[in-house]
Amino acid sequence: MAVSSANKSGSPPARTMDEARLQLGQVVSVYLDGGPATEGVASTIVDLTSDEPRILREGAVSAAQVAEVLRHEVPVAG
């Protein structure tokens, strides 16, 4: 996974690699430090494990932007 934020569900997004490591610990085997995040916006999570994609969480990337890239309307799970 390469994401714009790293956090446990319900927790605020980590803004630094150290904050991500505190929240996620050994669950993640490799942390890449891209420097501090400038915004506290959660990442968008798209489920592509079935024939029809769906957005599990809408965040920094909107549903419209995802649909444009996939050339397919993508529902937001609710």
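**A salt bridge, a hairpin and a helix**

Asp47 forms a salt bridge with Arg54, their closest N and O atoms being 3.5 Å apart, where a salt bridge is a side-chain nitrogen of Lys or Arg within 4 Å of a carboxyl oxygen of Asp or Glu. The model is a predicted one, in which local features need pLDDT of at least 70 and side-chain atom pairs count only at pLDDT 80 or more, while totals for chains, interfaces and linings use all residues. Residues are numbered from 1 along each chain as its sequence is written, and side-chain values use heavy atoms, with hydrogens and water left out.

Asp47 is buried, with a relative accessible area of 13%, whereas Arg54 is partly exposed at 38%; buried means under 20% relative accessible area, exposed over 50%, and partly exposed in between, with a 1.4 Å probe and protein chains only. Asp47 also stands opposite Arg54 of strand S2. Strand S1 (residues 45-47) and strand S2 (residues 54-57) run antiparallel and are joined by three bridges, and they form a hairpin with six residues between them. Strands count as paired if DSSP finds at least two bridges between them, and the elements themselves are DSSP runs, numbered from the N terminus, with helices (H or I) of at least four residues and strands (E) of at least two.

The hairpin strands also meet helix H2, since the buried residues of H2 pack against S1 and S2, contact meaning heavy atoms within 4.5 Å. These buried residues are Ala63, Val66 and Ala67. Seen down the axis of H2, they fall within an arc of 100°, so they line one face of the helix; the arc is that of the directions from the helix axis to the C-beta atoms. On the other side of H2, Ala64, Glu68 and Val69 are exposed. Just after H2, Arg71 takes a positive phi of about 55°.

Val69, which lies in helix H2 (residues 63-70), counts as exposed because its relative accessibility is 69%. Together with Leu48 and Leu70, Val69 forms a nonpolar patch on the surface, with about 300 Å² of accessible area in total.

A search of the whole structure finds two salt bridges. Besides the pair in the hairpin, the side chains of Asp18 and Arg21 meet in a salt bridge (3.9 Å, N to O). Both residues lie in helix H1 (residues 17-24), three residues apart, about one turn of the helix, and Arg21 is partly exposed, with a relative accessible area of 39%.

Definitions and conventions: Patch = residues over 30% accessible without salt bridge, like charges linked within 9 Å, V, L, I, M, F, W, Y side chains within 5 Å. Areas by Shrake-Rupley, 256 points an atom, 1.4 Å probe, with all protein chains shown as cover.
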